[in-house]
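Colleague: Could you take one buried position and go through its surroundings closely? After that, please place it within the rest of the chain.

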Amino acid sequence: MSRKNDRDQLLAIDIGATKVCAVAARRNDRRAIEVQGLGVHPCDGLSAQGIVNLETIVSSISNACAKALNQAPGMDVQRAVVGVSGAFIQSQNCSGSVVLSKHGRTVTADDIENCIQSAIQKSTSKDYEVLHAIPRWYRLDETQHIRDPLGMEGSVLQADVHLITGRHSILKNLRRCVQRAGFQVERFVFQPIASSYSTLSDEEKMTGVALVDIGGETTSVVVYYEGGIEHSETLQVGGEDITRDINHYFQTPYENAENLKKYSGSATAESIDPEERLEVVRFKNRRTIIVKKRRLCEIIEARVEYLIEEVIRTLRARDLLGVLFGGIVLTGGSSMLEGLREKAQSLIKKETHIGYPNGVVGYEEIITSPSYSTAIGLLHLGFEKRDEDEAYYGAGMRRVVKRVMKWMHEAF
Ligand SMILES: Nc1ncnc2c1ncn2[C@@H]1O[C@H](COP(=O)(O)OP(=O)(O)OP(=O)(O)O)[C@@H](O)[C@H]1O
Ligand SMILES: [Mg+2]
């Protein structure tokens with residue numbers, strides 16, 4: 001296979017707490033991303049804390065990828081961009097600096113790279129590896145808030161960087177899971193960063209927006225303002241907490257609780273007719289009882305309120321509520337819960353909408369479901385990073401050597 005073809009094919013694997021989602025895609029001659037295959041397989045091998053069952057993850061990755069690639073004859077991919085999330089990922093804003101020259105000189109691409117590396121080296125803990133080092137602002141001597149200092153004159157360059165790192169031991173095990181399923185990890189991506197690539201517009205990122213990805217075991221928040229990333233964080237609460245609440249309260253099997261949530265539930269109980277009733281199967285003797293639908297929705301609403309309050313607390317703690325002029329974008333499977341958007345909008349008091357994955361062609365079911373935002377974002381980010389690396393390599397051997405050194409830093 002030619003190198004060009006190789007570069008234009010990509011496998012994205014989103015390892016979620018409830019499912020593994022694999023998407024195989026190609027970039028066509030107009031550089032549009034065409035989805036060739038989609039595979040989803042249930043997975044409960046990963047919790048918000050980390051790996052619970054390695055074998056389950058390997059088998060879910062194998063199954064999801066096999067399904068995706070079976071629909072994509074002619075595609076031959078060995079490497080995958082892999083989305084991860086959980087308490088083993090840390091995010092922080094940090095800074096680095098380089099002295100250019102006492103009397104000033106022009107900033108080069110290498111200076112910028114060195115400046116970012118200095119931030120990484122100062123702030124990465126020993127047992128963590130770098131997933132993303134996203135420059136937010138640069139400062140050149142007395143001038144602050146520079147987006148791109150390339151070609152400017154100055155003496156000292158400083159970079160303000162949003163650094164996302166992951167615990168090395170857990171990433172190493174996840175890398176092994178992907179390898180055992182038959183693929184190499186091209187790069188790990190923090191899931192909400194991927195989701196923001198497929199759901200947010202540049203305009204929203206400029207205006208100020210919070211992306212809230214509500215998954216199974218986690219809710220991830222990413223805030224953008226004036227085009228740069230302000231904050232990212234994963235909260236350990238998600239849609240499975242709602243299902244567990246229903247399961248416990250009504251003493252009904254988990255699968256029934258899940259169906260009650262999805263097909264009869266709502267996060268706004270007062271909108272439900274107080275007389276409307278439902279049948280619920282109990283564990284005990286599989287007996288069916290009749291309950292008020294409004295009671296079910298009150299239980300859902302209580303957990304949703306807790307979840308949204310956690311999001312508000314996170315935003316308030318960083319003083320970010322005031323910059324969200326572009327509002328809130330909800331995505332992830334749990335954003336499909338009836339009434340959740342309305343509830344979030346009334347509690348956060350910001351314009352709120354659901355973010356669907358954009359910018360790919362093929363597979364109608366993908367663009368109509370927020371569960372696929374991460375996987376589709378992985379494709380966007382994966383192709384973009386390949387293009388950046390290509391441009392970087394093209395700039396000469398000296399850079400290649402530096403890049404290898406950077407990888408070594410990221411890997412150990
Ligand atoms: N129509 C629906 N209504 C309510 N909840 C739904 C609906 N469809 C899916 N969900 C919930 O979405 C959750 C799964 O979302 P998603 O696929 O984004 O999670 P994940 O990526 O596997 O998990 P995580 O992001 O926490 O690692 C489950 O809790 C599921 O019950
Ligand atoms: Mg997810």
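Modeller: V161 is buried, with a relative accessible area of 0%; buried here stands for under 20% relative accessible area, exposed for over 50%, and partly exposed for what falls in between, with a 1.4 Å probe and protein chains only. This is a predicted model, in which local features need pLDDT of at least 70 and side-chain atom pairs count only at pLDDT 80 or more, while totals for chains, interfaces and linings use all residues. Residues are numbered from 1 along each chain as its sequence is written, chains are lettered from A and ligands numbered from 1 in the order in which they are written, and side-chain values use heavy atoms, with hydrogens and water left out.

V161 sits in strand β10, residues 156-167. Strands (E, at least two residues) and helices (H or I, at least four) are DSSP runs numbered from the N terminus. Leaving aside neighbours within four places in sequence, V161 is in contact (heavy atoms within 4.5 Å) with Q92, N93, C94, I116, A119, A133, I134, P135 and R136. Several elements can be recognised in that list. Strand β5 covers residues 89-99, helix α3 covers residues 109-123, and strand β7 covers residues 128-140. As for G96, its C-alpha atom is 7.9 Å from that of V161, although 65 residues separate the two along the chain.

G96 also leads to helix α3. S118 belongs to that helix and touches G96 and S97, not counting residues up to four places away in sequence. At 17% relative accessibility, S118 counts as buried.

Past the end of β5, G104 lies in the loop that runs from β5 to β6 (105-106). G104 is partly exposed, at 24% relative accessible area. Beyond four places in sequence, G104 touches E153, G154 and S155. The C-alpha atoms of G104 and M152 are 9.7 Å apart in space, with the two positions 48 residues apart in sequence.

Past the end of β7 comes D141, in the loop between β7 and β8 (143-146). D141 is not a glycine, yet has a positive phi of about 55°, and the residue is partly exposed at 29%. R286, also not a glycine, has a positive phi of about 55° as well. R286 is placed in the loop between β15 (277-281) and β16 (288-292) and is exposed, with a relative accessible area of 55%.

Two other covered parts can be set beside V161. In helix α5 (residues 191-199), eight of the nine residues are buried; among them are I193, A194 and T199. T352, in strand β18 (residues 352-354), is buried with a relative accessible area of 0%. T352 touches I328, L330, R341, A344 and Q345, again not counting residues up to four places away. Its C-alpha atom is 27 Å from that of A257, which is 95 residues away along the chain.

The cysteines form no cross-links: there are zero disulfides in the whole structure, a disulfide being a pair of cysteine sulfur atoms within 2.5 Å. C65 is buried at 1%, and its sulfur is 9.6 Å from the closest cysteine sulfur, in C21, too far for a bond. C177 is buried at 0%; the closest cysteine sulfur to its own, in C43, is 8.7 Å away, again too far for a bond.

As for the chain around these sites, its secondary structure comes to 13 helices and 19 strands. The radius of gyration is 23 Å, close to the 22 Å of the globule rule for 412 residues, so the chain is as compact as a globular protein of that length; the radius is taken over C-alpha atoms, and the rule is 2.2 Å times the number of residues to the power 0.38. The C-alpha trace spans about 80 × 50 × 40 Å along its principal axes. Of the 412 residues, 54% are buried. Among contacts between residues at least 6 apart in sequence, 67% join residues at least 24 apart; the pair V161 and C94 is one contact of V161 across the sequence.
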